[in-house]
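Please read this note with the sequence and the structure at hand. The points are set out in order.

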Amino acid sequence: MNAVGTNVQRKDGIGKATGRVKYADDLVMPGMLHGRTIRTTIPSGRITNIRYDFDTTGFTICDHRDIPGRNIVSLIVDDQPCLVERDVRHAAEPVVLLAHESRDALLAANVGIDYESATPVFDPTKSDTILKELLIEKGNLEKGFANADVIVEGVYRTGHQEHVYIETNGVIAVPEKNGIAVYGSIQCPFYVDRALRVLLGPDRYVRVVQTETGGGFGGKEEYPSMLACHATLLALKSGRPVKIVYDRVEDMLATTKRHPSIVRHRTGLKKDGRITAMDVDVVIDGGAYVTLSPVVLSRGCIHAAGPYRCANTKIRGRAMFTNTPPNGAFRGFGAPQTQFAMEVHMERIAETLGVDPVKLRERNALRAGDLTATGQKLRGDCSALHVLKDAVKRSGYRRKSNKYKGTNRGIGLALFYHGSGFTGSGELKLASRAAVECTERGVRLLVSSTEIGQGTRTMHAQIVADAMGIPYEQVEVAPIDTSVVPDSGPTVASRTCMVVGKILERAAQELKEKLNGASPAEHFKRNGPLKVEKQHVPPEWLKWDEDRYRGDAYATYAWACDVAEVELDRDTFEVRPLRITAVQDIGKAIHPALATGQIEGGTGQGVGFALIEQVVMKNGAMANSQLTNYTIPTTLDTPVLDVVLLENPFPEGPFGAKGLGELPIDGPAPAIVNAIRSLGIDVREVPATPELLFSAIGSRLSAERHSDVLTYGAPVATPA
Amino acid sequence: MRLTLNGADVDVDAHPMKRLLDVLREECGLTGTKEGCGEGECGACTVLVDNVPVCACLVPWAHAEGKTVTTIEGLADAHPLQQAFMDEVGAQCGICTPGMILAAIALGPNPSLEQIKTGLTGNLCRCTGYEAIYRAIQSVNGGRSDASSRKRSRTA
């Protein structure tokens with residue numbers, strides 16, 4: 001019986017539903033201390049003095065002088081310190097670490113920091129320090145605009161978004177051999193492993209073990225390296241295990257968020273809606289250190305022209321330094337921001353030209369054989385038109401568009417896509433490895449790709465089972481420990497199924513050949529261990545020019561269309577999302593129920609991004625760093641989610657699978673805002689809070705010198 | 001002071017103002033009750049006190065003196081909702097799951113979809129968009145929290 005394509009029992013077992021599964025905070029080690037981080041309270045300046053206003057007996061105290069190797073958290077660029085030495089670049093930057101047996105004593109300890117303040121920069125458009133800049137050019141932009149009948153311009157903004165994984169960041173560092181073992185809530189164990197080796201210097205033992213992880217969404221991609229470094233310093237100095245678990249306030253204050261964005265569009269069009277030129281300018285707020293911003297900008301810019309064909313395109317992107325905590329990886333990684341701009345802009349184009357928004361998208365949607373903005377020729381796995389047509393039909397878009405006219409209900413759509421795996425030559429450089437081996441019970445697969453709720457263990461085991469031709473139940477998954485498993489790369493970028501799953505498929509096929517008909521368990525009993533480890537091989541046709549940003553940006557794309565229906569409360573300006581129809585082509589659903597769960601969950605997060613999740617920054621720090629006043633969608637805020645999986649296979653993916661994890665968060669915000677626009681409210685920004693809607697209506701009313709707040713006219717078109 | 005915890009009488013020696021959450025996790029070793037926010041917003045620490053769901057992070061444990069407290073461990077793996085949450089993927093990362101299941105039990109038998117939505121408003125889930133949680137609870141309502149619903153493919 002085939003496992004792939006069926007909803008087999010998950011490898012998680014029942015433990016998550018019985019409370020038996022251990023997350024980082026559930027672990028207690030003998031002799032364990034608790035750790036605490038003392039952080040900066042100003043956004044910019046320098047430290048002049050640190051005061052320890054408490055009895056330090058029984059405390060372990062670390063500052064930057066306790067770092068045996070380099071004082072950096074290693075990632076892309078070595079600019080972020082593990083502990084501040086003198087210069088402060090953002091609020092909530094770590095300076096001093098404390099550890100004590102008693103959490104009460106730890107919390108009572110008072111460390112004062114004196115500063116010399118400098119003038120901070122918070123607005124990325126006013127920053128004069130470019131973190132990363134890039135340019136994508138195709139065709140002849142001037143010619144494209146010269147051929148246009150109409151030019152439509154607009155500026156679109158998105159705010160910060162906090163991940164709100166329900167389990168906050170947490171690790172335990174345990175002295176082991178001449179170094180450290182770190183257990184924690186981690187998306188990318190080898191990122192942490194590498195950061196610790198840089199922190200400790202050469203020839204020190206390092207081992208990283210993932211504990212059950214209560215959600216990540218990108219939020220546990222880079223920050224756990226920082227946290228692990230902190231716990232490690234305290235553990236090595238005290239000689240005892242040290243646990244650091246952030247409370248919600250600290251987690252929200254100190255860790256990364258989705259990059260705020262400002263995207264300008266200038267688009268040339270023929271009267272019938274054909275796009276002749278696209279000029280896009282993308283600015284994202286990187287925060288105070290480089291972290292992952294260059295790659296977020298890259299993915300954002302590559303997706304900035306949307307799933308549309310245009311011969312003459314220019315996309316300019318800049319990530320700017322500001323004095324806020326670094327913004328970082330969050331599901332979608334730049335693409336939700338730029339595709340929000342593109343899809344709301346498309347709606348405004350339809351309004352301006354007076355053309356049907358579906359027809360406008362149909363006319364311009366990418367088809368097999370078309371070239372993307374980077375000049376990538378799309379193959380048969382392009383499904384833009386298919387998802388659009390299916391979503392329009394299934395949602396009853398046309399019927400409801402008419403029915404909702406003149407009511408408090410609106411309907412809008414968004415067409416979008418998401419590149420699977422690392423950008424360009426990223427996968428080639430990563431050279432991920434994965435292995436399968438015989439055991440006395442069957443086969444064990446070894447990867448560093450983490451289970452963080454999305455179903456990694458199950459989906460990988462299904463692929464291995466079918467590639468080997470053995471029952472799914474005979475496949476087990478090795479616990480993630482960097483001293484045991486090969487580096488299959490980080491669990492990010494919608495790559496865990498498509499890229500790592502493919503390596504596993506090839507390893508399993510080779511193991512099957514080597515067994516020559518014997519069962520893995522038989523072979524193990526007769527001949528002992530047998531293991532096959534394979535490395536990722538990108539498709540041979542994949543070509544990417546990193547310097548010119550030309551070529552095959554991704555091996556494939558997943559395609560989707562969301563249709564959102566909303567209801568406006570005309571007294572409070574609250575928008576209630578009623579239903580989202582999500583038609584998404586993911587190549588192949590290895591486990592349909594898990595795949596559906598990814599789309600439902602990602603769509604739910606997108607609803608929060610669209611309407612309610614507002615990070616309020618005050619003097620460079622999150623002012624609403626509590627779940628009381630940073631709200632995520634509850635059951636009553638989440639609309640009915642109608643998910644349809646389409647399967648247009650990617651021939652080089654495992655069983656045809658494409659990337660899936662990030663795709664669903666690209667669409668809800670523009671679909672919802674376009675639904676609000678259908679009510680005649682000119683919104684171009686998220687979160688579309690009641691205050692934002694009120695001011696949008698207010699400015700329109702004052703512009704029209706209109707006094708009746710309860711009367712809304714036709715959608716406001718803004719001709720060029 | 002004494003309370004009835006998961007069916008057994010237990011004596012607890014802790015400061016009366018200590019959070020019930022900490023008493024359960026630290027004094028009683030029951031780590032199935034999770035802390036998500038520490039201020040009663042997320043519901044991850046939901047337990048039943050005399051069959052009423054409460055956020056254990058907001059309750060001084062002395063309030064539970066003489067009462068019956070049920071945590072996820074008290075279900076002894078025997079409640080059909082537990083398997084249903086795994087089968088229907090109502091649990092993804094699993095951190096909200098113990099609290100979610102206890103809140104769902106407090107809804108009583110056969111709740112309607114509207115009752116489920118209203119009853120679970122205080123339990124945040126960041127992974128699922130809640131749909132799979134509704135399916136899990138309703139699958140138990142219909143008495144089919146077994147393989148028959150697992151095999152249902154949602155592929156269109």
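The points below concern a sheet in one chain and two domains in another.

1. This is a predicted model, in which local features need pLDDT of at least 70, side-chain atom pairs count only at pLDDT 80 or more, and totals for chains, interfaces and linings use all residues. Residues are numbered from 1 along each chain as its sequence is written, while chains are lettered from A and ligands numbered from 1 in the order in which they are written.

2. In chain A, six strands (DSSP runs of E, at least two residues, numbered from the N terminus) form an open sheet with mixed pairing, in the order β7-β15-β14-β13-β8-β28. Two strands pair if DSSP finds at least two bridges between them. The edge strands of chain A, β7 (130-138) and β28 (685-686), each pair on one side only.

3. Within chain A, β14 (residues 275-287) and β15 (residues 313-321) run parallel and are joined by nine bridges. Asp279(A) stands opposite Lys314(A) in β15(A).

4. Chain B is divided into domain 1 (2-75) and domain 2 (80-150); the bounds come from an automatic or database domain assignment. The C-alpha centres of these two domains of chain B lie 21 Å apart.

5. In chain B, 17 residues of domain 1 are in contact with 12 residues of domain 2 (contact: C-beta atoms, placed from the backbone, within 7 Å). On the side of domain 1 of chain B that touches domain 2, β3 (46-49) and β4 (52-55) each supply at least two residues. The largest share of that side, three residues, comes from β3(B).

Technical notes
Helix = DSSP H or I, 4+ residues; strand = E, 2+ residues; numbered from the N terminus. Contact = placed C-beta atoms within 7 Å.
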